[in-house]
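Q: Please take a close look at one part of this predicted model, namely the lining of the largest cavity. Which element gives the most to that lining, and how do the residues of the lining divide by character?

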Amino acid sequence: MAREISTQRKLTFTLIAWAIGLLMFFPILWTFLTSFKSEGDAIASPPVFLFFHWTTENYVEVQGRSDYFAHFMNSVVISFGSTLVGLAIAIPAAWAMAFSPTKRTKDVLMWMLSTKMMPPVGALIPIYLLFRDSGLLDSRIGLVGVLTLINLPIIVWMLYTYFKEIPGEILEAARMDGASLVKEIIYVLTPMAVPGIASTLLLNIILSWNEAFWTLNLTTSAAAPLTTFIASYSSPEGLFYAKLSAASTMAIAPIVVLGWFSQKQLVRGLTFGAVK
């Protein structure tokens with residue numbers, strides 16, 4: 001029988017969980033509040049938390065100085081595009097590794113994971129030169145390709161984990177009914193792995209949306225996403241904290257809203273197969 005947890009123990013765990021959650025959320029809250037301060041209040045010492053003169057002039061100035069919608073659309077195209085291309089590549093790859101493994105499958109998976117351990121700056125110069133010579137600098141297509149390759153190991157690993165939880169007998173039954181390999185993946189495997197695919201999709205959209213290193217080094221204006229939009233408010237004259245906070249709030253708001261409404265699906269997919 002499962003051991004009964006006392007009310008006091010539940011209350012303690014609840015308070016600890018809330019404390020950790022609020023601690024993690026505090027930087028976002030502070031950025032949001034700072035975006036409504038004047039530059040003087042933003043750098044005040046000691047810091048002013050709630051009792052300050054609220055103003056929206058930072059948002060007005062940010063919108064007037066930068067084309068937020070253009071940066072937003074670049075982020076949408078780059079993050080969704082790289083994730084969808086990655087899924088198109090990773091689903092067949094994960095299927096092969098999960099249901100037709102060889103003695104080298106684990107080695108390949110570990111090699112793919114090891115590529116995430118290399119510092120991005122180590123590959124910056126060759127990739128930059130390739131982009132320059134092929135005309136892909138400051139282009140959406142170039143960034144979609146780079147982010148696809150960067151996140152592909154994570155996509156393959158997550159899908160491989162989900163696919164391993166699907167009984168192979170179901171796929172064998174589909175083959176006996178005459179399903180081809182393509183139909184097996186599209187009509188049998190993919191619908192059964194929807195929670196895993198959805199969580200992989202959401203996680204990689206978030207990773208691509210937040211990617212700053214490659215977007216800052218491979219774009220200037222035409223394909224610049226919201227990470228470049230934020231960085232533009234750090235100038236040689238100094239950091240304008242209130243305007244920087246306004247730009248940051250505008251940049252993270254769409255992905256925070258997406259994460260909020262899809263949190264159940266994301267948690268369900270990330271814990272899929274974790275509890276036997």
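A: Helix 4 gives the most to the lining of the largest cavity, contributing three residues. Helix 4 spans residues 68–99, and helix 10, covering 194–210, is the other element that gives two or more residues to this lining. The lining as a whole consists of Ser-75, Ile-78, Ser-79, Ser-208, Trp-209, Thr-215 and Pro-225. By character, these lining residues comprise three nonpolar and four polar ones, with no charged residue. The space enclosed in the largest cavity amounts to about 30 Å³, and the structure holds one cavity of 30 Å³ or more.

A further feature of the predicted model is the packing of helix 1 against helix 13. Helix 1 comprises residues 7–34 and helix 13 residues 241–261; their axes lie 7 Å apart, and the angle between them is about 120°. Helix 1 is therefore oblique to helix 13. The two helices, 1 and 13, cross in a left-handed sense. On the side of helix 1, the contact is made by Ile-28, Thr-31, Phe-32 and Thr-34; helix 13 contributes Tyr-241, Ala-242, Ser-245, Ser-248, Thr-249 and Ile-252. Within this contact of helix 1 with helix 13, five residues are nonpolar and five are polar, while no charged residue takes part.

Methods
Residues numbered from 1 in each chain as written. Predicted model: local features only at pLDDT ≥ 70, side-chain atom pairs only at ≥ 80, totals over all residues. Heavy atoms only, no water. Axes fitted to C-alpha atoms, helices over the stretch in contact; angles between N-to-C directions. Helix = DSSP H or I, 4+ residues; strand = E, 2+ residues; numbered from the N terminus. Parallel < 35°, antiparallel > 145°, perpendicular 65-115°, else oblique. Left-handed = near helix turned anticlockwise from the far one by under 90°. Contact = heavy atoms within 4.5 Å. Nonpolar A, V, L, I, M, F, W, Y, C, P; charged D, E, K, R; others polar. 1 Å grid on protein atoms, 1.4 Å probe; cavity = no way out; pocket = protein on both sides within 12 Å on 5 of 7 lines; lining within 4 Å. Points joined across faces, edges and corners; volume = space filled by probe spheres on them.
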